[in-house]
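Please walk me through the architecture of this protein, beginning with the chain as a whole and then turning to its helices and to a few individual residues.

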Amino acid sequence: MTAFTRTALGLGLAFLYAPILVLVVFSFNASSLVTVWGGFSTRWYGVLFDDAPLIAAAWVSLRVAMTAALVATILGTLAALALERHGRFRGRGAFTALVYAPMVMPEVITGLSLLLLFVGIGLDRGLATLVIAHATFGTGFVAVIVGARLKGLDRTLEEAAADLGAGPARIFRTITLPLLAPAVVAGFLLAFTLSLDDLVIASFVSGPGATTLPMRLYSQVRLGVNPEINAASTLLIALVSLVVLAASRLLGRQGAAA
């Protein structure tokens, strides 16, 4: 690397991560002013855990993320099996487009489309619509991860089990699924992360009693930033980072095994 490319890389990383680092540092600020350092303190984390509406929003986000990730993992795994193991079938192109469209479509369009769908079928907005929306968004990502694993999967074990008399259900349960487990878990963690930090889609499809943590933080930021928001954002960043690292390690092990 030349000096120019190193400088460009350093400036790019600083542009991306310096604001996050500043936010984390100022979450331990003793001062009530977010731009004035008043010494190290964890007081704002105590204030955060005493904020009942914020804690309630965090629990909503966790429940929605867990449920949506589970649904997305099941649907994404089934979609990957259909696309990778069943060759060409009628409607394959349309099915592929439906699975992967939410990945490339702007979130505003996805949220608005789902909102119009829910209004059209008369489904009241709430936790159910939020879970459906996030599961729809995460299914394509799970399908990509599981599909990549299926492409590199050695099918000789499945064929040997079939020769010994095992049925398709037993082969899938005892051989295919254990081999896919790292990819399935990684897909679940990725879908969980995408749901946990989503704001745009949730703003369209949420309703009473379904205010997520990003929505709550955004509404408070509009009234002014305080160190409590820094503390909440720091915890959210830590949780998402841990989930992403876990997914990356699982994908790395999957690649090494392949």
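What follows goes from the overall chain to helix geometry, then to helix packing, and ends with selected residues.

The model is a predicted one, and its protein chain contains eleven helices and zero strands. Read along the sequence, the pattern is accordingly α-α-α-α-α-α-α-α-α-α-α. The C-alpha trace of the protein chain spans about 70 × 55 × 35 Å along its principal axes, and of the 258 residues in the chain, 37% are buried.

Helix 6, which covers residues 127-151, is a useful place to begin with the individual elements. Its 25 residues should span 36 Å at 1.5 Å a residue, and its end C-alpha atoms are indeed 36 Å apart, so the expected and computed values agree. The helix nevertheless carries a kink of about 30°, which is centred on G138. As for its surroundings, 18 of the 25 residues of helix 6 are buried, and therefore the helix is largely enclosed by the rest of the structure.

Helix 4, made up of residues 92-104, can be described in a similar manner. From its first C-alpha to its last, this 13-residue helix reaches 18 Å, which is close to the 18 Å expected at 1.5 Å a residue. Helix 4 also has a kink of about 30°, in this case at L98, and the kink lies shortly before the proline P102.

The packing of the helices can be followed from helix 3, which runs over residues 52-85. Helix 3 packs against helix 6 at an angle of about 40°, with the two axes 5 Å apart, and because of that angle helix 3 is classed as oblique to helix 6. The crossing of these two helices is right-handed. Sorted by class, the residues in the contact of helix 3 with helix 6 comprise 17 nonpolar, eight polar and four charged ones.

Helix 3 also meets helix 8, which consists of residues 168-196, and here the axes come within 8 Å and cross at roughly 135°. Why is helix 3 described as oblique to helix 8? The reason is the crossing angle, since values over 145 degrees would count as roughly antiparallel and those from 65 to 115 as roughly perpendicular, whereas the rest, outside the roughly parallel range under 35 degrees, count as oblique. The handedness of the crossing between helix 3 and helix 8 is right-handed.

Several individual residues illustrate how positions separated in sequence are placed in space. L54 belongs to helix 3 and, with a relative accessibility of 2%, it counts as buried because the cut-off for that class is under 20%. The C-alpha atom of L54 is 6.8 Å from that of R216, although the two residues are 162 residues apart in sequence.

G46 is located in helix 2, residues 43-49, and its relative accessibility of 35% means that G46 counts as partly exposed. Between the C-alpha atoms of G46 and E228 the separation is 8.9 Å, while along the chain these residues are 182 residues apart.

L153, by contrast in its setting, sits in the loop between helix 6 and helix 7, the latter being residues 156-163. Is L153 buried or exposed? Its relative accessible area is 9%, so L153 is buried. In sequence L153 and L179 are 26 residues apart, and in space their C-alpha atoms are 7.8 Å apart.

Definitions and conventions:
Residues numbered from 1 in each chain as written. Predicted model: local features only at pLDDT ≥ 70, side-chain atom pairs only at ≥ 80, totals over all residues. Heavy atoms only, no water. Helix = DSSP H or I, 4+ residues; strand = E, 2+ residues; numbered from the N terminus. Buried < 20%, exposed > 50% of the residue type's maximum accessible area, 1.4 Å probe, protein only. Expected span 1.5 Å × (residues − 1). Bend = angle between axes of the 7 residues up to and from the residue. Axes fitted to C-alpha atoms, helices over the stretch in contact; angles between N-to-C directions. Left-handed = near helix turned anticlockwise from the far one by under 90°. Nonpolar A, V, L, I, M, F, W, Y, C, P; charged D, E, K, R; others polar.
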